[in-house]
Amino acid sequence: MKVTLLGTGSPVPSLKRASAGYMVQTGGDVILVDHGPGTFQRMMQAGVSATDVTHVVFSHLHFDHCLDFVRLFLHRWDISPPDTPKLKVFGPPGLNHFVERLFGEDGAFKFDLTARTNHANSLSIYEGRGGTPPRPWPEAEITEVAETDVIEGTGWSIRLANVPHHQPYLVCYGVRFEADGGVFAYSSDITLPAEKSPAKPLYALAQDADLLVHYLNSFNVTRELAPGEPAAASRTKQQAIGELARDCNVKTLVTSHHGPLIDTDGVRERVIADIATVYDGRLVWGEDLMSFEIGEERS
């Protein structure tokens, strides 16, 4: 399978980085794992059209992980021939509400979609693509998933873990994607407990992963100990990420979700060096449009 980093940035607007989004291509499927602002453009730069996308999986519903889904959903419907399979969308509780409020018959886009399904000009374009009026309202297969669920496609599967972030307001899942004999693990956004330990639910997802993409927005490099504090407490956030990768035998660790402060000269190098004190595997500072071939068919 091929994994492409469509967006490695944060919620902060950036001309360098799109927000969170990752693309997996395996067999005949194109699966988007999150689709934040700017990732639709990156997807096109990677040579993939909206009509190529078969599945979308949301780790959580923060806007920097889902905002470009609006573009994807509307473009895919508007330019597709009538026999295009429905987009399959998976995500945490709240997904049905999110999609219905956007694209339902009384949703945010009801005036646009009413025009496109009724106006003579739109119907003429629809007929030019092989459709026969009346033009149906756009639909997708929407599935809310629990952390115990397994998402499956042709030759691939996804397992989830509930990782600490903005609970109880949002459920947030880490992802383990298996296909072609390879494993891609994704932390999603993580609030590290006490800023010192790896998120324990990620251990099952990251074990023996070929590729682990891990959130790295906040960081620290100071390891001064308070009087009487144990030496283990001197670990930094980024060292905890390295500890997870080390303990899980991760082959390649990719950092992502970089905010503007961490992504500056000097700070970047210090953080990388800090991770490397713990993890001696392949370490990559993630950038938009990097891609990785993993599994039995890797080049």
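In this predicted model, the buried residues of helix H4 are Leu 95, Phe 98, Val 99, Leu 102 and Phe 103. They span an arc of only 95° around the axis, and therefore lie on the same side of H4. An α-helix has 3.6 residues a turn, so residues three or four places apart point the same way. The cover over the buried residues of H4 includes helix H2 (63-66), H3, E5, helix H5 (110-116) and E6.

**The sheet from E6 to E14**

H4 (residues 95-103) packs on a sheet, where it touches E5 and E6, and its direction makes about 150° with that of E6. This open sheet has seven strands in the order E6-E5-E4-E3-E2-E1-E14, and its pairing is mixed. Strand E6 (140-144) and strand E14 (291-293) are the edge strands, each pairing on one side only. On average, neighbouring strands of this sheet are turned by 15° against each other, direction ignored.

Strand E5 (residues 87-91) pairs with E6 in the parallel sense, over five bridges. Within this pair, Val 89 stands opposite Ile 142 in E6. Helix H3 (residues 69-79) also packs on the sheet; it touches strand E3 (29-35), strand E4 (55-57), E5 and E6, and its direction makes about 160° with that of E5.

H3 is mostly covered, with eight of its 11 residues buried. The buried residues of H3 are Phe 69, Val 70, Leu 72, Phe 73, Leu 74, Arg 76, Trp 77 and Asp 78. Arg 76 and Asp 78 are thus included in the buried set of H3.

**Nonpolar cores**

In soluble globular proteins, nonpolar side chains tend to be buried together. The largest nonpolar core here has 28 residues, of which Met 43, Val 56, Phe 69 and Leu 72 touch the most other members. E3, helix H1 (39-45), H3, E5 and H4 each supply at least two residues of this core. The greatest contribution to this core, six residues, comes from H3.

Which residues are in contact with Val 56, leaving aside its neighbours within four places in sequence? They are Leu 32, Phe 69, Leu 72, Leu 87, Lys 88, Val 89 and Phe 90. Another core, of 27 residues, lies apart from the largest one and has among its members Ala 20, Ile 158, Tyr 186 and Ile 294.

**The sheet from E7 to E13**

A further open sheet is formed by seven strands in the order E7-E8-E9-E10-E11-E12-E13, with mixed pairing. Its edge strands are E7 and strand E13 (282-285), each of which pairs on one side only. From one strand to the next, the twist averages 15°.

Strand E7 (residues 150-153) and E8 run antiparallel and are joined by four bridges. In this pair, Gly 153 stands opposite Trp 156 in E8. The hairpin of E7 and E8 has two residues between the strands, and Gly 155 takes a positive phi near 80° there.

Strand E8 (residues 156-162) is mostly covered, five of its seven residues being buried. On the E9 side, seven bridges join E8 to strand E9 (residues 173-179), and the two run antiparallel. Asn 162 has Tyr 173 in E9 as its bridge partner, while Ser 157 has Glu 178 in E9.

**Helices on the strands**

The table lists packing angles for four helices.

| Helix | Strands touched or crossed | Angle |
|---|---|---|
| H3 (69-79) | E3, E4, E5, E6 | about 160° with E5 |
| H4 (95-103) | E5, E6 | about 150° with E6 |
| H8 (237-247) | E11 (211-215), E12 (252-256) | about 160° to E11 |
| H9 | E12, E13 | about 160° to E13 |

**Asp 274 in H9**

Helix H9 (residues 267-276) contains Asp 274. Is Asp 274 buried or exposed? Asp 274 has a relative accessible area of 5%; the limit for a buried residue is under 20%, so Asp 274 counts as buried. The side chain of Asp 274 makes a polar contact with the side chain of Gln 238, at 2.9 Å.

Technical notes. Residues numbered from 1 in each chain as written. Predicted model: local features only at pLDDT ≥ 70, side-chain atom pairs only at ≥ 80, totals over all residues. Heavy atoms only, no water. Pairing = 2+ DSSP bridges. Axes fitted to C-alpha atoms, helices over the stretch in contact; angles between N-to-C directions. Contact = heavy atoms within 4.5 Å. Buried < 20%, exposed > 50% of the residue type's maximum accessible area, 1.4 Å probe, protein only. Polar contact = N/O pair within 3.5 Å; in protein donor to acceptor, adjacent residues only side chain to side chain. Core = buried A, V, L, I, M, F, W, Y, C linked by side-chain atoms within 4.5 Å. Arc of directions from axis to C-beta.
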